[in-house]
Amino acid sequence: MTEQRQPAGDHGGLPSAVNQPSAINEPGPAPERREARRRRTPFHGWGAAVFGAVATAVVGTALHSQILYAQDASYPWGAAAAVLFALSVMVWAGLKARNVMTAGLTGVLAYVLVGLMALAPGTEPLIVTGTSAPVELPIAMAGRIWMIGLVPATLAAMLVCIWALKPRRAKA
């Protein structure tokens with residue numbers, strides 16, 4: 001009684017057509033169940049969007065008021081850093097959920113939260129977007145950069161997610 005043996009190695013000595021894994025011989029759940037498991041609910045990624053929006057609004061609002069004063073000029077570098085932080089969080093949320101709309105939802109929710117912080121009904125606002133001073137105050141400029149900058153950051157995050165999640169074609 002002799003057994004037929006194959007040479008050792010990655011391919012087992014057989015042609016590549018024979019060694020390709022098939023759904024029948026593959027261990028694990030049946031292909032129908034695997035496809036059903038891959039389908040996502042319409043609310044998939046909302047947790048990442050809410051978490052990202054809250055983190056963006058809180059950290060960005062704290063960061064946006066950082067201003068560098070050099071001689072007679074002021075540079076609201078904190079507002080630019082806050083917008084870049086918001087962009088990165090939106091991209092993170094979209095890629096974590098593998099859904100472009102999650103990045104957009106993160107941006108919209110962050111914008112709503114930042115708007116509430118700017119309005120601050122009944123208290124002092126956390127974001128100053130305008131004053132009655134005759135000259136433009138740097139803090140008001142920083143507030144406007146932070147609030148308005150969220151819109152292009154949201155659009156840019158969605159474009160980055162579209163590019164990153166696009167299926168790649170195999171090189172021939």
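**Fold, helix packing and surface of a six-helix chain**

Among contacts in the chain between residues at least 6 apart in sequence, 64% join residues at least 24 apart. The model is a predicted one. Six helices and two strands make up its secondary structure, and from the N terminus on they follow the order α-α-α-β-β-α-α-α. The chain has 172 residues, of which 28% are buried. Its exposed area comes to about 12,100 Å², with 64% supplied by carbon and sulfur atoms.

One helix pair can be described in detail. Helix 5 covers residues 100-119 and helix 6 covers residues 138-165. The two pack with their axes 8 Å apart and at an angle of about 170°. Because angles over 145 degrees count as roughly antiparallel, helix 5 is roughly antiparallel to helix 6. On the side of helix 5, the contact is made by V100, M101, A103, G104, G107, A110, Y111, V114, G115 and A118. Helix 6 contributes W146, M147, L150, V151, T154, A157, M158, C161, I162 and L165.

A nonpolar patch lies on the surface and is formed by V50, V54, V58 and V59. Together these residues have about 290 Å² of accessible area. V58, one of the four, belongs to helix 3, which spans residues 46-64. The relative accessible area of V58 is 49%, so this residue is classed as partly exposed; the class of exposed residues begins over 50%.

The backbone has two residues to note for their phi values. Most residues other than glycine have a negative phi. Q71, however, has a phi near 55°, a positive value in a residue other than glycine. Q71 sits in the loop between strand 1 (68-70) and strand 2 (73-75). With a relative accessibility of 84%, Q71 counts as exposed.

R98 is also not a glycine, and its phi is positive at about 55°. This residue is located in the loop between helix 4 (77-97) and helix 5. R98 has a relative accessible area of 52%, and because exposed means over 50%, R98 is classed as exposed.

Taken along the chain, the described features begin with the valine patch that includes V58, a residue of helix 3. Q71 then lies in the loop between the two strands, and R98 in the loop that leads from helix 4 to helix 5. Helix 5 in turn packs with helix 6.

Definitions and conventions: Residues are numbered from 1 along each chain as its sequence is written. This is a predicted model: local features need pLDDT of at least 70, side-chain atom pairs count only at pLDDT 80 or more; totals for chains, interfaces and linings use all residues. Side-chain values use heavy atoms; hydrogens and water are left out. Patches are made of residues with over 30% relative accessible area and no salt bridge: like charges are joined within 9 Å, nonpolar side chains (Val, Leu, Ile, Met, Phe, Trp, Tyr) within 5 Å. Accessible areas come from the Shrake-Rupley method with a 1.4 Å probe; for residues, only the protein chains shown count as cover. A salt bridge is a side-chain nitrogen of Lys or Arg within 4 Å of a carboxyl oxygen of Asp or Glu. Helices (H or I, at least four residues) and strands (E, at least two) are DSSP runs, numbered from the N terminus. Buried means under 20% relative accessible area, exposed over 50%, partly exposed in between (1.4 Å probe, protein chains only). Axes are lines fitted to C-alpha atoms, for helices over the stretch in contact, and angles run from 0 to 180 degrees between N-to-C directions. Angles under 35 degrees count as roughly parallel, over 145 as roughly antiparallel, 65 to 115 as roughly perpendicular and the rest as oblique. Contact means heavy atoms within 4.5 Å.
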